[in-house]
Amino acid sequence: MEQAASRTITIVGGGSAGWMTALYLNKVFNDGVRNYQLRVIESPDIGIIGVGESTVHSVRFFLAAMGLDEQEMLREVHGALKLGILFRNWMKPVDGKTHEYFHPFEHQRLGAGLDINSLWFAAGRQHSERYDEGASLSAALMAAAHAPKGPGSRPYQGVVPYGYHIDATLMARFLRRKAVEAGVEHIEATVEQVRVANGEIAAVETTAGEFTSDFFIDCTGFRGMLIDALREDNWESFETALPCNRAVAIQRELEPGEAPKPYTRSTALSNGWAWQIDLVNRQGTGYVYDGARLSRDEAEQELRDFLGPQSEVLKCNHLSMKVGCRREFWVGNCVSIGLAGGFIEPLESTGLHLINLGAGLLATHQPERVVSQSIRDSYNRLMVGFYQDLKQFIVLHYCLSNRDDSEFWRAAPATVEEVPWLKSQLEIWRHKVCEFHDLAGSFSTTFSDENYRYILYGMQHYPEVRAQVEATQAEQVFGELARRQEQALQQTSPHGDYLRQLNL
Ligand SMILES: Cc1cc2nc3c(=O)[nH]c(=O)nc-3n(C[C@H](O)[C@H](O)[C@H](O)COP(=O)(O)OP(=O)(O)OC[C@H]3O[C@@H](n4cnc5c(N)ncnc54)[C@H](O)[C@@H]3O)c2cc1C
């Protein structure tokens, strides 16, 4: 007979954060032995945010570790595959052409003698090709609109790392179904009151009665209803560094006859940037902008003008965004995960990844009512570090821009003043390539030196590399890379064909 769990964890919120966390903790703690009774309280009256449709590649590992079937997931969420992001217009046109570059998830570690990056500069290749094209397989696959996989590829495996494009609402439903099937209790009720005693949450009073619990997880989105009840002054705003605090999201049909692109598009507009995320049945788009410089109506009009009239608009939604994070994610017997814990604008599609990190760390720190304060401190230090680090990486995209066509863009270089480490590092990266060791001591588990290089060199922040190399050495390394690109193209299918073959 199954033994009743002696401790209860209550998660409030049924968006991606609530259900990913529930699935994860259930898998880690209740597989075989049932350590915790896990319940999710989700309001039937307060919707989920319904955006968040592009992921980084680590979300693949989360889904695989949960034992979920990749094809089933893709089918249920109208999903497509993503090899990276195409940044467009983030700088003035180059040689009369729109500035653009890919930020893939992958990097090649080739080289003999000089590392591949120094070699790329030493050989002067920046004058004739883009770094992403010269240093990755993914850029070639994206340019050819290929999937990272072929007909024989195994689930969750590709010739290069990949993430997904997903319907956010359907994803939350899919995760909920899987969590409930795995034994998580689902309660539909709205929390009306959070009862606090001795610095801890004693109970939540809901439309379906009162629930006590040993531990609570706040996944109530931007409301942060539980964590706010425990501590005032618990929010560090990032708005001076990242001023985009509003978004308008439009769902529309794909252009007729167009296969979903295997990458997210991020195009800089007058006061922020627009995303385009292709699913199999529609496109999710949106404009993330600085609400102090642009009104709602102006933003919506600019987005509609940018998208053009070709496709029918299915839905339009305006959102306010709280950009920053908790000073303490864990207070008393409550941890905040997802938007309740923090939010960095979605330029690098990191929301679900941060949930994954938050839930993973909670499992190792152990969600108990009575814990050493050092455990809370450790969790808080790591989570704050991840968010601060990510803030820095996002600022990198803006501060290197040379656009001067609006006040927003003229102010963008000064955002680096908010992240002193980055400012000094940018000076160093004028004189040497960016390498792994430069990020030593940082929290950059999400984005490492590889990612920094794609942005730095995509934004033409080049180092002066003085080494001379023989042409043959460069030809050998970059010739090998070109061969691998060719091989990758042969091993993979066009993205549209791959999705059709899965009956998506
Ligand atoms: C404009 C924008 C674009 C984004 N793009 C991306 C992206 O491309 N990739 C990515 O990974 N992330 C992205 N994100 C982030 C992503 O949307 C979120 O990280 C993710 O959806 C998790 O949201 P959540 O579950 O924390 O909150 P929500 O989805 O808001 O869910 C909150 C839940 O709490 C419940 N709730 C609230 N109050 C109560 C109450 N009183 N009682 C009971 N239940 C309650 C609600 O019913 C709901 O179920 C984006 C975010 C924004 C704003």
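**Exercise 1. In which hand does α10 pass α11?**

Before we start, a word on the model. It is a predicted one, in which local features need pLDDT of at least 70, side-chain atom pairs count only at pLDDT 80 or more, and totals for chains, interfaces and linings use all residues. Residue numbers start from 1 along each chain, following the sequence as written.

*Solution.*
- Step 1: find the helices. Helices (H or I, at least four residues) and strands (E, at least two) are DSSP runs numbered from the N terminus. The partner of α10 here is helix α11, residues 373-399.
- Step 2: take the angle. Axes are lines fitted to C-alpha atoms, for helices over the stretch in contact, and angles run from 0 to 180 degrees between N-to-C directions. For α10 and α11 the angle is about 160° and the axes are 11 Å apart.
- Step 3: name the arrangement. Angles under 35 degrees count as roughly parallel, over 145 as roughly antiparallel, 65 to 115 as roughly perpendicular and the rest as oblique. α10 and α11 are therefore roughly antiparallel.
- Step 4: give the hand. A crossing is left-handed if the near helix is turned anticlockwise from the far one by less than a right angle, and right-handed if clockwise. The crossing of α10 with α11 is right-handed.
- Step 5: look at the residues. Contact means C-beta atoms, placed from the backbone, within 7 Å. Leu354, Leu357, Gly358, Leu361 and His365 of α10 make this contact with Ile375, Ser378, Tyr379, Leu382, Met383 and Phe386 of α11.

**Exercise 2. Describe how α1 packs against α7 and α10.**

*Solution.*
- Step 1: begin with helix α7 (residues 168-181). Its axis and that of α1 come within 9 Å and cross at roughly 30°, so α1 and α7 are roughly parallel to each other. Their crossing is left-handed.
- Step 2: list the contact. On α1 we find Ser16, Trp19, Met20, Ala22, Leu23 and Asn26; on α7, residues including Met171, Leu175 and Arg176.
- Step 3: sort by class. Ala, Val, Leu, Ile, Met, Phe, Trp, Tyr, Cys and Pro count as nonpolar, Asp, Glu, Lys and Arg as charged, and the others, Gly among them, as polar. The contact of α1 with α7 has 9 nonpolar, 2 polar and 2 charged residues.
- Step 4: turn to α10. The axes of α1 and α10 come within 9 Å, crossing at roughly 35°, and this crossing is right-handed.
- Step 5: sort again. The contact of α1 with α10 holds 9 nonpolar, 4 polar and no charged residues.

**Exercise 3. Which element gives the most to the shell around the ligand?**

*Solution.*
- Step 1: define the shell. A residue belongs if its C-beta atom, placed from the backbone, lies within 6 Å of the ligand. There are 38 such residues, and the closest are Gly15, Gly52, Gly221, Gly338 and Gly351.
- Step 2: find the elements. α1 (16-29), β2 (36-42) and α10 (351-365) give two or more residues; α1 gives the most, with 3.
- Step 3: place the ligand. Using bounds from an automatic or database domain assignment, domain 1 (7-48 + 167-237 + 325-371) and domain 3 (246-320) both give residues to the shell, so the ligand lies between them.
- Step 4: compare the two domains. Their C-alpha centres lie 30 Å apart, and 5 residues of domain 1 are in contact with 5 residues of domain 3.

Conventions: Two residues are in contact if their C-beta atoms, placed from the backbone, lie within 7 Å.
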